[in-house]
Amino acid sequence: MGLHVGILTGGGDCPVLKAVIRAVVRRAMWEPDADVLGIKNGWRGLIEDDVQPLTRMSVTGILPRGGTILGTSRTNPNDGADYPSRIRETWEKHKLNALIVVGGEGTLRAARDVWHEYQLPLVGIPKTIDNDLDGTDFPFGFDTAVNTVMEAVDRLHSTAESHHRVMVIEVMGRHSGWIAAYGGIAGGADVILVPEHPFRLSNVCDLLRHRKQQGSAFSIVVVAEDAHPHEDEEFLDEDLKAQIYQGGRLGGIGFHLALAIERETGIETRHANLGYVQRGGSPSAFDRVLATRFGVKAFEIVLEKRWGEMVSLRGNKVVSVPLDEAVRKVKKLDEEIYHVAEIFFG
Ligand code: F6P
């Protein structure tokens, strides 16, 4: 009979996807009659029957490299009337017995729906640089992104210092401030602005002026892509707000904040948007180990036929939680972390 397991990577990429694919394939090799089929470009591969068998040779040498050998997309399997029947055809053609879905909030939410509506036997693995999945203490991908931010903040520190400037650094994270808070704390930022705490421009400017008076001629401001000015002190007009926050793509607050800071304080201010750099590069050791543990665990959950589960890190243990629970809400920045960050403002 054999055990035929599909694996797909969906949503935004990150550096550790190759490590998790490798782990699933290597774990499968311990079973005498199991094989792994790579589904290309997220859910789209199942819809379009775009697949690739994964062997030991396909995953040799990929551990330290960024991106995914399977490609990814944001295709939602619930968005097309004929998608379920096409998915079913691909499933039957390749005699699949199980699917491992690697993704962030959107991909795993779709997995939860597919599991409920079509009873496809599947298991999820959490991957996101944003750390906004509620069902796990950490997904893989976040640690590497934070290290990239930290390195960038270190580099921008020295140029800000040389020129006696304020440097505003915009980072990703979608509606949660995890990357900004962790990257900012690790890089020694002087102000960190996150979506969970709308900010007042006057407070930011006071902190920067105060730093200058105290003898620090430069400052580093880390701002999350979805950080908003407080409604009491709006400095963006409706058009700008639409450009920065709407349409599903976030980006631009750093540029406008830098302009406003320079206008209000008279301190020369520059901005840098780290953008997609945060999704590339070689994975950190923490992420490589976590993704490897997740991949092995997910395959073992498949062997146990515990469908509709997602692997999860709780404390230092890899466990599993129902997908229902994992995607119930977006995980916002922990207040304890924000409190620590705040101690270093100014
Ligand atoms: O979810 C990961 C992420 O990089 C977010 O931080 C960012 O807002 C978004 O994806 C960008 O999405 P896209 O790759 O579709 O431009």
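Which atom of the ligand does a polar side-chain atom of Arg-279 lie 2.8 Å from? Arg-279 faces an oxygen atom of the ligand at that distance. Keep in mind as you read that this is a predicted model, so treat every distance here as a property of the prediction.

## Around the ligand

Let's stay with the ligand for a moment. The residues surrounding it are Arg-74, Ile-129, Asp-130, Met-172, Gly-173, Arg-174, Glu-225, Tyr-276 and Arg-279. Arg-279 has company in reaching a ligand oxygen: a polar side-chain atom of Glu-225 lies 2.6 Å from an oxygen atom of the ligand, and one of Tyr-276 lies 2.4 Å from an oxygen atom of the ligand. On its own, the ligand would expose 400 Å², and the protein buries 81% of that area. As for where the ligand is placed, it sits in the largest pocket.

Here are these side-chain contacts at a glance.

| Residue | Partner | Distance |
|---|---|---|
| Glu-225 | oxygen atom of the ligand | 2.6 Å |
| Tyr-276 | oxygen atom of the ligand | 2.4 Å |
| Arg-279 | oxygen atom of the ligand | 2.8 Å |

## Glu-170

Glu-225 also leads us to another residue, since Glu-170 touches Glu-225. Glu-170 belongs to strand 6, which covers residues 166–171. Is Glu-170 buried or exposed? Its relative accessibility is 2%, and because the cut-off for buried is under 20%, Glu-170 counts as buried.

The list of residues that Glu-170 touches, leaving out those up to four places away in sequence, includes Val-223, Gly-251, Gly-252, Ile-253, Gly-254 and Phe-255. Ala-272, Asn-273, Leu-274 and Gly-275 are on that list too. With Ile-253 there is also a polar contact: the side chain of Glu-170 reaches the backbone nitrogen of Ile-253 at 3.2 Å. For a sense of scale, the C-alpha atoms of Glu-170 and Gln-52 are 37 Å apart in space, with their positions 118 residues apart in sequence.

## Helix 9

Ile-253 brings us to helix 9, which runs over residues 253–265 and has Thr-265 in it. Thr-265 is buried, at a relative accessible area of 16%. What does the side chain of Thr-265 reach at 3.0 Å? The partner is the backbone nitrogen of Ile-267. A polar atom of the Thr-265 side chain also lies 2.7 Å from the backbone oxygen of Ile-261. Setting aside neighbours within four places in sequence, Thr-265 is in contact with Cys-205 and Arg-209.

Ala-260 lies in helix 9 as well. With a relative accessible area of 1%, Ala-260 is buried. Beyond residues up to four places away in sequence, Ala-260 touches Leu-201 and Phe-235. Cys-205, a contact of Thr-265, can be placed relative to Ala-260 too: the two are 55 residues apart in sequence and 9.2 Å apart in space, C-alpha to C-alpha.

## Strand 1

Now to strand 1, residues 3–9, where you will find His-4. His-4 counts as buried at 18% relative accessibility. Apart from neighbours within four places in sequence, the contacts of His-4 are Asp-35, His-94, Lys-95, Leu-96, Asn-97 and Ala-98.

Gly-6 is found in strand 1 too, and Gly-6 is buried with a relative accessible area of 0%. Which residues does Gly-6 touch, not counting those up to four places away in sequence? They are Leu-37, Ile-39, Leu-96, Ala-98, Leu-99 and Ile-100. Leu-96 and Ala-98 thus appear in the contacts of His-4 and in those of Gly-6. How many residues apart in sequence are Gly-6 and Leu-96? They are 90 residues apart, yet their C-alpha atoms are 6.6 Å apart in space.

## Positive phi in the loops

Finally, a look at the backbone. Asn-41 has a positive phi of about 60° although it is not a glycine. Asn-41 lies in the loop that joins strand 2 (34–39) and helix 2 (43–48).

Gln-119 is likewise not a glycine, and its phi is positive at about 50°. Where is Gln-119 placed? Its position is in the loop between helix 4 (105–118) and strand 5 (122–126). Gln-119 counts as exposed, with a relative accessibility of 51%.

Notes. Residues numbered from 1 in each chain as written. Predicted model: local features only at pLDDT ≥ 70, side-chain atom pairs only at ≥ 80, totals over all residues. Heavy atoms only, no water. Helix = DSSP H or I, 4+ residues; strand = E, 2+ residues; numbered from the N terminus. Buried < 20%, exposed > 50% of the residue type's maximum accessible area, 1.4 Å probe, protein only. Polar contact = N/O pair within 3.5 Å; in protein donor to acceptor, adjacent residues only side chain to side chain. Contact = heavy atoms within 4.5 Å. Near = heavy atom within 4 Å. Areas by Shrake-Rupley, 256 points an atom, 1.4 Å probe, with all protein chains shown as cover. 1 Å grid on protein atoms, 1.4 Å probe; cavity = no way out; pocket = protein on both sides within 12 Å on 5 of 7 lines; lining within 4 Å. Sits in = over half its atoms within 2 Å of the grid points.
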